[in-house]
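Me: I should like to go through the assignments made for this structure and ask, in each case, what justifies the term.

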Amino acid sequence: MDFVNYLVVGSGPSGVAAARKLQGKGVCIVDVGVQAESDFSYDSFRDSLSVGDLSALLGSRWEFLGNLVTPNRLHSKLRSPGVSYVASGNRFNVRDSSGEVVNQGAGSHALGGMSNAWGAQLLRYTDNDLASVGGWPITAADLNPYYAELEQHIGIAGKADDMHGFLGECERLLPPVPIVSAASELLDRYNRKRHKLGVKLGRARLAVLTEGYRGYESHKFGESEFFSTEQRGIYTARRTLNEMLESGLVNYKSGLEVVGYHENEGFVEVSLRDRGRGGELRTVRARHVLLGCGTVQTARLILLNNGAVGRKLPFLDHPPTLFPLFIPSKFGMPLPSSSYPIQLTATLDQGGARDMISIYYPGALLWSDLLGDMPIPMGSALRLLPKLLGGMLVGQVWEPSKGSPNNRIYLTKSGSIQVDYPDREPYERLKSVLREFRLLGAYSHPRLAQIAPPGWGFHYAGCTPMRVHPREFETHTDGRLWNSKRVRVIDGSVLPTLPAKNHSLTLMANAARIAQEVLICGY
Amino acid sequence: MAMEVMGLGFDQDSISREVVYLHACLFGLPPNERLILEYCRAHHEISDLRGFDSAQVRSVELIVEMSLDAVGIEPWLRRSGRRHPLTSKLLLLSYLKECLGDGREYDRNFTRESFVYLRIAFQLILAFARLTRGLYQKKRYGLR
């Protein structure tokens with residue numbers, strides 16, 4: 001592999017979306033390609049509990065108990081050995097306004113990137129979304145053809161209900177994922193009262209196959225998403241990569257970490273550390289390089305390559321606010337034997353607010369995970385949980401993120417990444433949201449809400465934002481770095497601001513759009 | 001408050017007494033041998049369980065020695081940031097019990113209960129009573 005036309009760095013969602021556009025034209029994907037060392041061998045979470053497989057659930061080295069003494073040190077989805085490998089990349093600390101480290105994050109070196117652990121909500125940005133945050137040099141119309149093509153490729157489950165306009169058009173929807181009794185009750189009440197409410201509610205829009213699609217089997221809903229990334233029927237970037245490899249239209253080399261690049265007249269010389277050969281340095285030349293390492297890791301690479309220690313770049317995140325919802329009419333109900341975490345989505349339909357509320361069913365978690373948050377003795381909590389869980393949901397609110405001049409990412413002298421995130425305001429519409437749900441017979445209280453720390457949400461973006469006229473460390477609308485002709489950024493780093501909705505499908509569509517720009521650039 | 005790191009080794013007997021007592025507080029009966037072994041193993045292998053403040057560790061020891069209501073006291077010892085050792089130990093016990101498939105408290109295959117609101121109210125009253133007793137014991141014995 002001495003010379004390639006297109007070198008795509010990273011096998012996550014943006015990398016595979018770009019590579020797909022370039023397949024058959026001399027494209028090579030490189031990544032570190034970490035995979036799970038162990039796998040959760042049960043069809044369902046309940047099977048593992050009934051057998052009492054301590055090692056499968058908590059890990060042979062107690063990995064799942066990483067939050068036992070320090071809550072929220074590990075994201076709840078990344079504790080299990082079958083999932084923790086996803087966050088195997090460069091580590092970073094997030095500090096709040098007091099300078100205290102409130103979160104320790106990591107990029108991904110996994111084959112398929114963070115898509116291995118995502119919730120699979122793949123949503124379009126609309127012009128209303130982009131207008132709500134501003135700063136975008138492209139429109140939704142620029143992305144729509146790529147959205148449509150990706151949705152057809154992936155298979156999206158959902159319903160054309162009241163949330164359809166908010167979630168964005170999708171030409172073909174698979175049947176929505178099944179919902180638990182409490183969510184069904186909430187939706188029924190909403191449908192009876194919707195014209196009197198200040199909230200919109202509907203089925204979640206998910207990259208989960210609820211029926212066979214393009215030769216892929218549907219998801220089993222075994223409630224094991226927190227323990228294994230091998231989830232048949234849930235889309236991850238690995239599926240696209242495997243398809244491309246089977247077709248023979250892309251080249252793929254794993255075990256390689258890009259450590260630098262140098263642009264010459266007709267090519268880019270890329271330095272890679274070969275992990276399979278003891279870290280030996282290799283060089284490859286490419287006509288074009290597309291950086292899709294993930295927002296934090298791409299920013300780190302660019303800063304390192306420019307010798308920019310201490311240089312501060314913008315950093316966007318979506319730290320959500322979480323709150324329990326209790327539906328008393330469903331207390332004592334038997335728990336479903338199968339479910340998917342994300343049940344419904346909602347948005348506040350007042351005053352132009354475009355927050356997104358994802359509604360989760362928490363019953364498939366280990367109940368021990370919930371004990372520390374219940375303000376009563378643990379023994380009582382254990383006796384109450386079976387009675388409450390049938391009528392319990394969790395709301396997670398995502399707000400638009402326009403960025404703050406004080407929230408910054410930078411490289412330290414040791415080469416590690418530091419994020420300073422002093423500006424994290426409490427969610428100001430919480431009382432309005434809770435009032436609307438109260439009208440639907442779902443009760444909560446602001447004191448029960450938890451504000452996730454910055455960095456917890458994984459929706460990182462904005463470090464090298466797209467501009468019509470980019471300045472230093474920004475990118476052109478075709479993804480090129482400000483000072484480059486042949487090096488482009490294709491991941492979340494280029495998104496200038498974040499509407500409330502998940503940016504996963506958008507970073508894929510934008511990566512495909514940028515790849516198209518590469519194809520027609522003429523050099 | 002200064003943090004003092006405990007020695008790397010634990011007294012096996014005291015850990016075993018601790019788990020037997022805490023298990024009785026939480027579940028009302030003694031633990032089986034497997035759970036005791038796993039609890040001890042966790043204390044040897046999870047380094048986080050070795051770095052607690054000595055005054056907090058002493059509080060846990062006192063709770064076990066004086067047969068106080070660990071479960072009623074624990075909510076009053078909760079704090080933001082690093083957890084109190086009592087909270088961590090009770091959570092560990094719960095995780096072990098749940099993942100060993102050992103306790104009827106974690107049975108997910110239950111049928112619908114009658115009079116569920118009354119049962120919930122009853123449990124909340126018991127919780128309130130236990131919290132009250134726990135607060136009294138915390139203050140009475142100066143637990144931190």
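Reply: A120(A) is a suitable place to begin, in the loop between β4 and α5 (127-133) of chain A. The model is a predicted one.

Me: Why is A120(A) called buried?

Reply: The term requires under 20% relative accessible area. A120(A) has 1% relative accessibility, so the residue counts as buried.

Me: What makes the phi of A120(A) worth noting?

Reply: Most residues other than glycine have a negative phi. A120(A) is not a glycine, yet its phi is positive, at about 70 degrees.

Me: Which phi does F221(A) take, and where does F221(A) lie?

Reply: F221(A), likewise not a glycine, has a positive phi of about 55 degrees. F221(A) belongs to the loop between β5 (199-203) and α9 (237-247) of chain A.

Me: How do you know whether F221(A) is buried or exposed?

Reply: Its relative accessibility is 9%. The limit for a buried residue is under 20%, and F221(A) therefore counts as buried.

Me: Why is S444(A) called buried?

Reply: S444(A) has a relative accessible area of 17%. Buried means under 20%, so the term applies to S444(A). The residue is in the loop between α13 (430-439) and β17 (450-451) of chain A. Leaving out residues up to four places away in sequence, S444(A) touches F323(A), P324(A), L325(A) and L434(A).

Me: What makes the approach of the S444(A) side chain to P324(A) a polar contact?

Reply: The side chain of S444(A) reaches the backbone oxygen of P324(A) at 2.6 Å. The cut-off for such a pair of N or O atoms is within 3.5 Å, and the distance of 2.6 Å meets that cut-off.

Me: Which residues of α13(A) are buried, and what covers them?

Reply: The buried residues are L430(A), S432(A), V433(A), L434(A), E436(A) and F437(A). Their cover includes α8 (181-193), β5, β11 (321-326), β12 (342-348) and β13 (356-360) of chain A. Just after the helix, G441(A) takes a positive phi of about 80 degrees.

Me: What makes both faces of strand β16 (residues 417-420) of chain A count as covered?

Reply: I417(A) and V419(A) on one side are buried, and so are Q418(A) and D420(A) on the other.

Me: How do you know that β16(A) pairs with strand β3 (residues 91-95) of chain A?

Reply: Pairing requires at least two bridges, and 4 bridges join β3(A) to β16(A), in parallel orientation. F92(A) stands opposite I417(A) in β16(A).

Me: What joins strand β15 (residues 408-411) of chain A to β16(A)?

Reply: These two antiparallel strands are joined by 4 bridges, and R408(A) has D420(A) in β16(A) as its bridge partner. β15(A) and β16(A) form a hairpin with 5 residues between them, and G415(A) in the turn has a positive phi of about 90 degrees.

Me: Why are β4 (101-106) and β10 (313-314) of chain A called edge strands?

Reply: The open sheet has 5 strands in the order β4-β3-β16-β15-β10 of chain A, with mixed pairing. β4(A) and β10(A) each pair on one side only. For β10(A), 2 bridges lead to β15(A), antiparallel; the criterion is at least two. In this pair, L313(A) stands opposite I409(A) in β15(A). Helix α10 (residues 295-305) of chain A packs on the sheet and touches β3, β10, β15 and β16 of chain A. The direction of α10(A) makes about 50 degrees with that of β15(A).

Me: How do you know that D48(B) and R73(A) form a salt bridge?

Reply: Their closest N and O atoms are 2.5 Å apart. The rule asks for within 4 Å, and the pair D48(B) and R73(A) satisfies it. The rule finds 2 salt bridges across the interface of chain B and chain A.

Me: Which element gives the largest share of the side of chain B that touches chain A?

Reply: That share, 10 residues, comes from α5(B). Overall, 49 residues of chain B are in contact with 49 residues of chain A. The two chains bury about 4,300 Å² between them, 64% of it on carbon and sulfur atoms.

Me: Why is Q137(B) called buried?

Reply: Q137(B), in helix α6 of chain B, has a relative accessible area of 12%. The cut-off is under 20%, so Q137(B) is buried.

Note on methods
Residues numbered from 1 in each chain as written. Chains lettered and ligands numbered in written order. Heavy atoms only, no water. Buried < 20%, exposed > 50% of the residue type's maximum accessible area, 1.4 Å probe, protein only. Contact = heavy atoms within 4.5 Å. Axes fitted to C-alpha atoms, helices over the stretch in contact; angles between N-to-C directions. Buried area = accessible area lost by both parts, 1.4 Å probe. Salt bridge = Lys/Arg side-chain N within 4 Å of Asp/Glu carboxyl O. Polar contact = N/O pair within 3.5 Å; in protein donor to acceptor, adjacent residues only side chain to side chain.
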